[in-house]
Amino acid sequence: MPKLNSNHSTKPPSSEKIGYPYSDIIDGLVCSTMRAQRYVIAHCKSGQPLAKIDHQQINRHFCWLSVLNKEGQNRHLVEAPAGMAPLATRSLRSKSSIPPELRNAFEEQQSVGWPHDALGEKQIPPAQKKYVQEDATRISALIIDSFKEFVELGTRADGATEPVTCFIKSPLSIIYDYLTVPDTPGTRAYALVACRNYLFRAFELVPDLDGKGNPSSFSVLAIEESLSHIWTSFRERYLSRGDDKLPPGSRGNVDGLIRHHLAMRKILFLRFQSEEECISYLSATQLAPLSPQSNSEAIDKHGKKKRSYKFEFTRPNRLNNLPEAGEIVNELWGLPIPLRGADIVFKGGLKFSGRQGLVMAIHGGPGAGKTSFALAFAAYLAPFGITSWFLTAEEIKKDLVDRVNGLMPDQVARLSFFPSDFRDYILFRKFDLPSGKGFRTLDEIEEGLMALAQELANDAEADTTNASFYIPRPCDSIVVLDGLHDLFAVEFSSARSDDSEKTSRLIRLYQLVEKLRSLHALVILTTGTAWAGDSTLDYLVDVAIRLSHESTDEYGQKPDRRFTLTKARHQLCAGGTHGLQIGGMKGVRLSPQINYQLEKQSHWRPRLPDTTQVLPGLCRARSLKSIGELMQLITTPDTANAGKNASYVDSPSSVSIYEGSHVFINGQGSGGKAALAMKLAISPSFKAASIESSLKTPPTRQRVLVVSFLYPADYYEHLLRRLRVIQQNEYRREKLAVSGPPPRLEVIHLYPGHLRPHDLFNRIEWELDAAELNADPYTCVVIDGIHNVFLQFPEIEKYGLFWPQLYSALRSRKVTTISTHTTLALPYQTWQQTSTKVDDNRSEPLRHALVQKTDFQFEVDPWPLSQFALNYETLPSEYAVLSDLFVVKTVSAIGQRLPRGHILWSREELELYDLPKHYFDQPSNETDGQLTLR
């Protein structure tokens, strides 16, 4: 058998290994982001509201991205999500027409700022305005949104002279979001490496991966001590007046590094004593650390020690606790895995042993996806400059090359740092087992691996030569032994039955694993489940994973791939079973179990409804005096035009909904609950004190996510168009409330079937995450038709914790949640509305879970016409339209008194009607069998 390194080098054919992701633009992004933040601070310092920000003044700092970016690459940096503008204007896209001097300035902008304007304060020259986007872009929206949590900004009174305490989010937190492809969560790993490498260079510190304790390295113990200092400062103290503030590095540069890393994750904020100090800090356009000695040497004019640093770190109000130390260690120390969901499963990254090696075993039966999963590992990690050896006894090179290209989603393949040809970074080798030489297979593999180890060591030494500051990779290479059971299972199968022979075979396997650790590489062993070494291998390796393909023998049930992490040495991991998908448009990806998704959110306190902002969508009604007036209204051919002269009021028979509330709408039959939920979802938001004060600011861009167990997207889009027309009439006096951009809608339509709970949970979570990464978050989530779960989605029905967990997760976001549920009933007397329930009480646990987590609850039931007509014959035929009217009853409302009356809802006209209270009283003898038009 040939040596592993006989015809190939571990280095790719290019002149040198590719750099880290975004390494060519990260410095420029930090510089541009801090200058853009400086502009926002100066704008708010002048007394202007945040809503009046000039997006062009922010976009000017990022024009260089459009010039330097190649066509089709890094689309998430320059292209626009729906409702925004691309970073590049038409003039900027025509690169050949850009004047040479301006083009040269753009290419240097990542270090000098806007051309001829180092601080970005001057007006854009008229001749250059055509190169700067004037509308909102993704980066300008991300920067502006980063300030919205801080009420101190924009609230300065005219003529105020006292310093205003200023808070900002770390520039790296904005860049961390900006570098992530919004609809591809796995790319978070590439952004993490870019940001942490920037911090390593800024502080001239790197992880002590080899355990030699160099002066420019830090240990795991230093991380744990730094987190302990931070946590101690946040604890409540006896007679304390508040939390201690954290200087950038009071105990050394490691403290500063850790705190900047936490600020990148938005776990800490930057706090300044005044806006001037904030502007001064941002003018430096770099996160350069300050030496801890300077803090003690600075003396003020009174001879007292003063702080020479310009800012402090402080905690967000919603922060509940810090992440576990193991998670921070994995993020700074480990190898981030760019598979979707891997950040949850591996808690930030794979941490290698002190010998800088890691052996991972992937077990699975035929068709479980072992080879595809190992290929995906190699392909996704290639942008880190990691070369992979793929050694197999089962596949041929051409088939593997074809397969790996199908495992990568288009959004990842278009990243600028992604290799155009995987054959340059994944070196395939096919082994044919020699006939009659089964006992030599292990020896031959070991001989080849040792030669490979020497070459990898030579490459690592060459990388550090003549380097003033070198950031070591947690992993330089990947070695995949695909089908380990095929490579030398013959040695185990040929063993005699006596114990001594079996023991010697296991010792040989142990020796192989030890030699694999010495490679200083990530070694992946894929094995079957029906060979003698399978049960022993898990004890020897560092990480053990089992892949399975469930339900393949059940007719009518889609097979379910599962990923089970059974062992993880050296690090914190999310052990247990998770979902696994292979292939398709999104490539190989993991779907973590719900418990770990909720654990990630446990660092933050749940959000409570915002009682200062109200949505009047369920109380904005037409004011009517009698049923006769109602009849005339609903029989008018053109209701939309008739509404232009109608009188709309905030009915006292209903309640206003607070922003961020959970609303539950229940009822019998088809009462138009989906339309009623949509009506509330697109309702404009007003200050609770007065509508007039709300009209001074532009309305919020309403964006609604519908999770539908009932109707397709076309149904809700049609509803939205109709409700938008009606809304123009309802808020005619408050023109500003509806004069902004129209509400936008996204629909997740779920087909009946064996949908897994974790798949649906993660699909909703990742959709909400993508919206936030686009700086275009959803304002409302409508979950429509949850009663269908008990008839059409058996897997979700079996998992009783799904709904409480989903609603707990939504509590962590600034969204209003609306759920609709139908109590199934069979009417048998149409006009008396007498019915028999056909619900067999399966939905009762769900309703209890909803009610416990609900802020507002409404019942939408048919209007009891029996109080006006005792039998069908006495009801005039033209009044049959009244059967389309439903009573909306407020069952519970947080922070408000329950109204005594009710309002009417027309499922056909999509309007609410306010009638006198006596129309909703219990039937009396005075009706005498006739409809009374009072």
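**Close-up views of a predicted model**

**View 1. Glu327, a buried residue in a salt bridge.** With a relative accessibility of 14%, Glu327 counts as buried in this predicted model. Its salt-bridge partner is Arg265, and the closest N and O atoms are 3.2 Å apart. Glu327 belongs to helix 14 (residues 325-333), while Arg265 sits in the loop between helix 11 (253-264) and strand 4 (269-272), so the pair ties together parts 62 residues apart in sequence.

**View 2. A salt bridge within helix 17.** Here the side chains of Asp402 and Lys398 meet, N to O, at 3.0 Å. Both lie in helix 17 (residues 397-406), four residues apart, which means about one helical turn separates them. Asp402 is partly exposed at 44% relative accessible area, and Lys398 is exposed at 56%.

**View 3. Asp855 meets Arg811.** This salt bridge spans 3.1 Å from N to O. Asp855 comes from the loop between helix 34 (844-852) and strand 27 (856-862), and Arg811 from helix 33 (residues 802-811), so the contact ties together parts 44 residues apart in sequence. Asp855 is buried, at 9% relative accessible area; Arg811 is buried too, at 17%.

**View 4. An open sheet of 11 strands and its edges.** The strand order is 17-16-30-29-28-27-19-24-23-21-22, with mixed pairing. Strand 17 (648-650) and strand 22 (744-749) stand at the edges with a single partner strand each, so one side of each has no neighbour in the sheet. Strand 17 pairs with strand 16 (residues 620-623) in the antiparallel sense over three bridges, and here Arg622 stands opposite Tyr648. Helix 30 (residues 757-773) packs on the sheet, touching strand 21 (703-708), strand 22 and strand 23 (780-784).

How values were computed:
Residues numbered from 1 in each chain as written. Predicted model: local features only at pLDDT ≥ 70, side-chain atom pairs only at ≥ 80, totals over all residues. Heavy atoms only, no water. Pairing = 2+ DSSP bridges. Helix = DSSP H or I, 4+ residues; strand = E, 2+ residues; numbered from the N terminus. Contact = heavy atoms within 4.5 Å. Axes fitted to C-alpha atoms, helices over the stretch in contact; angles between N-to-C directions. Salt bridge = Lys/Arg side-chain N within 4 Å of Asp/Glu carboxyl O. Buried < 20%, exposed > 50% of the residue type's maximum accessible area, 1.4 Å probe, protein only.
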